[in-house]
Structure formats: C-alpha cells, structure tokens
Amino acid sequence: MNGAEVIVVDDMPDFTRNIKNILDLDDIGIKVFNEPEKFLDYSKREDFFSTKIIIMDYSMPNLNGFNVFQRLFEMHPDSINQYKMILYTANIDQVDIKEKEYLESVNIEIIKKPNIQIIIDKIYKKVNSCI
C-alpha cells in the first residue's frame with residue numbers, strides 16, 4: 001500500500017464508496033478502512049505520514065471514532081497535529097460532552113452525517129492548500 005492524502009475509517013461501505021468515487025475523479029489518493037483496528041495498524045507504517053486528512057466515523061464495532069483518535073494521539077503525540085481530522089456521526093448527541101471537549105482541545109472537527117458535500121469541500125481545501 002502506498003500512502004494516501006485522505007484516509008476514511010468507516011464500517012459503512014456505501015458512504016466510503018461515494019467519497020472514493022468522487023475523489024478518484026480528481027486523482028486524490030484515498031485509503032478506506034472498514035475496521036478501526038486495521039487503520040491503527042496502518043498508522044504505524046511510514047507511508048501513513050503522507051496523509052493530509054483523516055475522516056473517522058463515530059459509531060463502529062469494537063472501537064468508536066473517539067477511541068480511535070485517542071489511540072492515534074497516544075501513538076503519535078508529536079506528529080498527529082499535522083493532519084486535518086474530522087469525526088462524523090449521524091447523531092451528534094451520542095458523543096458525550098467530555099468526548100466533545102477532548103476533540104475540540106485537539107482540533108478534531110465534528111460533522112453531522114450525511115453531509116458528504118461538506119466533507120468533500122474540506123478534503124479539497126486541505127489537499128489543495130498543501131500543493
């Protein structure tokens with residue numbers, strides 16, 4: 001696997017397929033992980049560091065998106081802030097106040113699903129700002 005500019009971690013293939021189809025039109029590299037554990041394993045690889053934006057679903061089996069971001073910060077405390085990070089969820093109320101406070105403190109944006117256009121706009125803004 002080569003590095004990708006965009007990483008999406010979500011166990012719902014319809015959503016990830018739509019984002020991938022849109023980004024493929026402009027040759028923006030994207031990696032999709034259906035299991036958060038596989039994403040965390042990938043984050044140990046050197047090619048992970050070419051990533052520009054990480055988009056994480058909140059509701060997933062075993063680990064929720066908040067837990068995954070926490071582990072990511074534990075694994076890469078010195079380098080993780082270089083990424084644009086988004087947590088998205090269909091129900092923002094399921095993210096409790098302490099989780100929201102933590103996410104805000106580490107500059108992770110929370111977006112309500114299914115705002116695919118907002119997410120795509122943020123991807124293009126981040127990818128194009130790094131050119």
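This report describes the nonpolar cores, the aromatic pairs and one helix of a predicted model.

The largest nonpolar core has 25 residues, and among these Phe39, Ile54, Met56 and Phe69 touch the most other members. Two or more residues of this core come from each of strand E1 (6–9), helix H2 (36–42), strand E3 (53–57), helix H3 (65–75) and strand E4 (84–89). Of these elements, H3 gives the largest share, with 5 residues. The surroundings of Met56 show how parts of the chain that lie apart in sequence come together: leaving aside residues up to four places away in sequence, Met56 touches Val9, Phe39, Gly65, Val68, Phe69, Ile86, Leu87 and Tyr88. Besides this core there is a second, separate one of 17 residues, whose members include Ile53, Ile55, Ile111 and Ile119.

Aromatic rings are a further theme of the model, since a search of the whole structure finds 8 aromatic pairs. Two of them are set out below.

| Aromatic pair | Centre to centre | Between the planes | Arrangement |
|---|---|---|---|
| Phe33 and Phe39 | 5.8 Å | 65° | edge-to-face |
| Tyr42 and Phe48 | 6.1 Å | 85° | edge-to-face |

Phe33 is counted as buried because its relative accessible area is 7%, and Phe39, which also belongs to the largest nonpolar core, is buried with a relative accessible area of 0%. In the other pair of the table, both Tyr42 and Phe48 are likewise buried. These four residues do not stand alone, for ring pairs link Phe33, Phe39, Tyr42 and Phe48, together with Phe49 and Tyr83, into a cluster.

Helix H1 offers a view of how one element is placed against others. Running over residues 13–24, H1 has 12 residues and reaches 16 Å from its first C-alpha to its last, which is close to the 16 Å expected at 1.5 Å a residue. Which residues of H1 are buried? They are Phe15, Thr16, Ile19 and Leu23, and because these residues cover an arc of only 95° around the axis, they lie on the same side of H1. The buried residues of H1 are covered by elements that include E1, strand E2 (30–33), E4 and helix H5 (116–129). Of these covering elements, E1 and E4 are also among those that give two or more residues to the largest nonpolar core.

Methods. Residues numbered from 1 in each chain as written. Predicted model: local features only at pLDDT ≥ 70, side-chain atom pairs only at ≥ 80, totals over all residues. Heavy atoms only, no water. Core = buried A, V, L, I, M, F, W, Y, C linked by side-chain atoms within 4.5 Å. Buried < 20%, exposed > 50% of the residue type's maximum accessible area, 1.4 Å probe, protein only. Helix = DSSP H or I, 4+ residues; strand = E, 2+ residues; numbered from the N terminus. Contact = heavy atoms within 4.5 Å. Phe/Tyr/Trp six-rings, centres within 6.5 Å; stacked < 30°, edge-to-face > 60°. Expected span 1.5 Å × (residues − 1). Arc of directions from axis to C-beta.
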